[in-house]
Structures are given as structure tokens and as C-alpha cells.
Amino acid sequence: MVDSNFAPYILPFFIPHVGCPHQCVFCNQHGIAGVGQAVTPAQISQEIKKMLQRPRDHNRTVQVAFYGGSFTGLDLSYQRNLLGAVSPFIRSGQVQGIRLSTRPDCLDGERISLLLEYGVSLVEIGVQSLAGEVLQASGRGHSPEQVSRAFSLLKESGLRVGGQLMVGLPGDTRRRSIDSCLGLIVLKPDCVRIYPTLVMVQTPLADLYQAGLFKPWSLTKTVVVVARMKEMLDHESIPVIRMGLQAGESLHENIIAGPYHPAFGELVLSRLFFKQVRRALFEAVGSGKKGVRLILSFRDQSLFMGLKKENYLRLQAGGWLQDVEVCFSETQPRFKVAVA
Ligand code: SF4
């Protein structure tokens with residue numbers, strides 16, 4: 001697992017739908033971002049100045065992010081205007097990077113040159129799935145091959161590349177989600193986000209759901225699959241920078257159905273932590289150890305206990321905590337379980 005203590009400060013700007021000629025079945029950018037109008041260069045400059053005046057940890061970098069819509073699908077002059085508003089802060093060293101998200105089929109040499117010219121450091125590609133059937137059923141309008149091509153183009157240019165995956169899309173299965181994650185690992189992303197598929201108002205998916213043609217995954221199934229994907233990415237040391245959508249009033253108001261939980265990422269981490277603790281105890285008992293001390297970071301107490309003490313109660317019910325002393329230590333690294 002990756003400690004996020006040194007994660008950059010991200011100042012996000014949402015570009016709702018303006019750069020996107022598509023309508024993926026699940027997408028309601030206005031609902032997710034809670035912002036109905038495109039941001040202007042003047043607003044960007046003002047927001048950056050405000051952010052720089054706030055007290056912050058100067059060991060952490062500051063980055064500007066353009067999310068929502070498909071940035072590189074915007075008119076080139078508008079892209080220049082938006083990126084140009086950040087440029088003075090990049091040149092002065094007050095902002096250390098720009099990241100943005102886009103579709104895999106909205107990238108070519110000209111667009112990539114523009115990103116390089118303005119100091120973009122990371123491009124996140126909306127991959128969602130690498131199963132052709134899922135992409136088609138979700139109205140993505142691009143193929144898995146276009147995802148590979150986008151990664152190659154960006155990597156060859158020296159830009160860092162992130163990948164966004166979704167689980168539980170129309171036509172998706174556990175196997176297809178896991179295979180998509182494996183396929184993404186092959187493309188060597190610099191970071192990954194994983195989102196559950198939610199049914200939002202005013203989307204084609206809402207119509208499918210109401211007609212009984214789409215059944216969202218349960219929260220439990222989604223957590224289990226995303227936890228497996230996180231394990232696979234951790235194994236390759238690929239940072240998972242988000243699991244689940246950012247909780248917010250506008251998001252909450254716009255969800256009709258689906259595996260939503262305001263602390264979705266915590267649920268996934270908590271499941272992984274439970275497995276780690278159980279494995280460590282299994283190995284200790286298997287090697288004949290008596291009077292076991294389980295040592296955990298004091299910052300992992302809530303992960304150990306789980307939501308509504310679920311992990312703790314499961315360990316207890318399974319007899320795993322018999323004769324075990326649980327110690328929360330200030331020196332034990334986070335997410336690491338030791339047995340003494
Ligand atoms: S490509 Fe992105 S912005 Fe466009 S409809 Fe699909 S999810 Fe929404």
C-alpha cells in the first residue's frame with residue numbers, strides 16, 4: 001500500500017463535458033463535478049493565487065488538475081488559454097505540475113506537443129475497461145487498441161501517464177475487470193484510479209436501469225473486485241491514487257443506484273488489511289508460535305477494526321485473536337503487520 005503523506009496538493013478545475021463529443025452511458029459530468037459552467041483563465045489564475053496564500057506543508061508539491069470532460073478534445077486555442085493561465089506559476093516555481101484527464105482517442109502529435117509546451121506533467125487516460133464488449137456496451141466509442149496507442153504516444157513523449165478504470169459497467173464481469181487491470185499493468189501506468197459504476201440521473205444508464213436492462217453490482221462485490229485489483233497494482237508498485245468517487249453533496253443527490261459508499265476507498269483498504277492480518281496470524285499459528293503479539297501502526301486502528309467493527313468481529317468469530325495481544329505502535333510503519 002502507498003502512504004499518501006507526501007502526495008501533492010491538487011488544485012482541481014472541472015471542465016464539464018465541453019471537450020467531449022461523446023455520451024458514455026454512465027456519464028453525467030454536471031452531476032459528478034457539481035459545476036455546470038466551464039472555468040475561465042481568469043478564475044484559474046485567481047484560484048491558484050488563493051491556494052498559494054493558504055498555509056501548507058512546503059515539502060508537498062502543488063499541482064493544478066483539469067478533470068471532467070476530455071481536455072485534449074477541447075478546441076486547441078481554449079486549451080492554450082487554460083494552460084496559459086497556469087504557465088506563470090509553473091515558470092515561477094510556485095506550481096510544480098499540471099495534470100489532466102482525457103479520452104484515449106483524443107491524442108495525437110499536435111495535442112501532445114501543446115501539453116509539453118505548457119509544462120503538463122501527467123495525463124490520465126479514461127481507460128474504463130480493456131474488454132471490447134464492455135467498451136461497446138458502455139458507449140465509450142473507442143477500442144482497447146486505442147488505449148494502448150495513447151499510452152505509447154504519451155510515454156514516447158516523456159509525459160507521465162495515469163489510467164482510470166471502472167468496474168461494474170454494462171457487460172462487465174469480475175473476470176473482465178481483473179483482466180482489464182492486468183492489461184493496464186502491461187501498459188505501465190504511473191498511477192491508477194478505480195471507480196465503481198454508479199447510475200446517475202439523466203444518463204443513458206439510468207434509462208437502462210429503469211427499464212430493467214442494467215443491474216448495478218452490489219457494494220460487497222465491488223469492494224472485493226477493487227481490492228483484488230489494488231493488490232495486483234500494489235504488487236507492481238503502481239500507486240492507486242483514488243478508489244471511489246469523491247463524496248459530495250451534488251454527487252449524492254444525483255445517484256439513482258449502484259455501489260456508492262462515501263468512504264469506498266477505506267472499505268477496500270480495510271478488506272485488504274483484514275486479509276493481511278489473517279495471513280500473518282495464520283503463519284504465526286502454523287509455525288507453532290504461542291503468546292503472539294500482533295503489532296500494527298497506531299494509525300491503522302480503524303483499518304484493523306473495519307467499518308462497524310466488521311474486521312475485528314470476523315477475526316474474533318474465527319478464533320484468530322485467541323491468545324493474541326494486539327499492540328498499536330507509533331514506530332510500526334503504516335499498512336504493515338508484524339507478529340512477535
Ligand atoms: S468520454 Fe468522458 S466526458 Fe465524455 S461522455 Fe465519456 S466519460 Fe463523459
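Me: Two strands pair if DSSP finds at least two bridges between them. What makes strands β4 and β5 a pair?

Reply: Six bridges join strand β4 (residues 120-128) to β5, so the condition of at least two bridges is met. The two strands run parallel. In β5, L165 is the bridge partner of Q128. Strands are DSSP runs of E of at least two residues, helices are runs of H or I of at least four, and both are numbered from the N terminus.

Me: What kind of model is this, and how are its residues numbered?

Reply: The model is predicted: local features need pLDDT of at least 70, side-chain atom pairs count only at pLDDT 80 or more, and totals for chains, interfaces and linings use all residues. Residues are numbered from 1 along each chain as its sequence is written.

Me: Which strand is joined to β5 by six bridges and follows a helix crossover?

Reply: Strand β6 (residues 191-196) is joined to β5 by six bridges, and the two run parallel. G162 stands opposite C191 in β6. From β5 the chain passes through helix α7 (residues 174-186) to β6, in a right-handed β-α-β crossover. Right-handed means that, with the strands pointing away from the viewer, the path from the first strand over the helix to the second runs clockwise.

Me: Why is β5 called largely enclosed?

Reply: Six of its eight residues (160-167) are buried, so the rest of the structure largely encloses β5. Buried means 20 or more other C-beta atoms within 10 Å of the residue's own; exposed means 12 or fewer, partly exposed lies in between, and C-beta atoms are placed from the backbone. Across the 340 residues of the protein, 39% count as buried.

Me: What makes β11 and β12 edge strands?

Reply: The open sheet has three strands in the order β11-β10-β12, with mixed pairing. β11 (324-329) and β12 (338-339) each have a single partner strand, so one side of each has no neighbour in the sheet. Strand β10 (residues 292-297) is parallel to β11, with six bridges between them. One of the partner pairs is I295 with C327 in β11.

Me: How do you know whether the protein is as compact as a globular protein of its length?

Reply: The protein has 13 helices and twelve strands. Its radius of gyration is 22 Å, close to the 20 Å of the globule rule for 340 residues, so it is as compact as a globular protein of that length. The radius is taken over C-alpha atoms, and the rule is 2.2 Å times the number of residues to the power 0.38. Along its principal axes the C-alpha trace spans about 70 × 50 × 40 Å.
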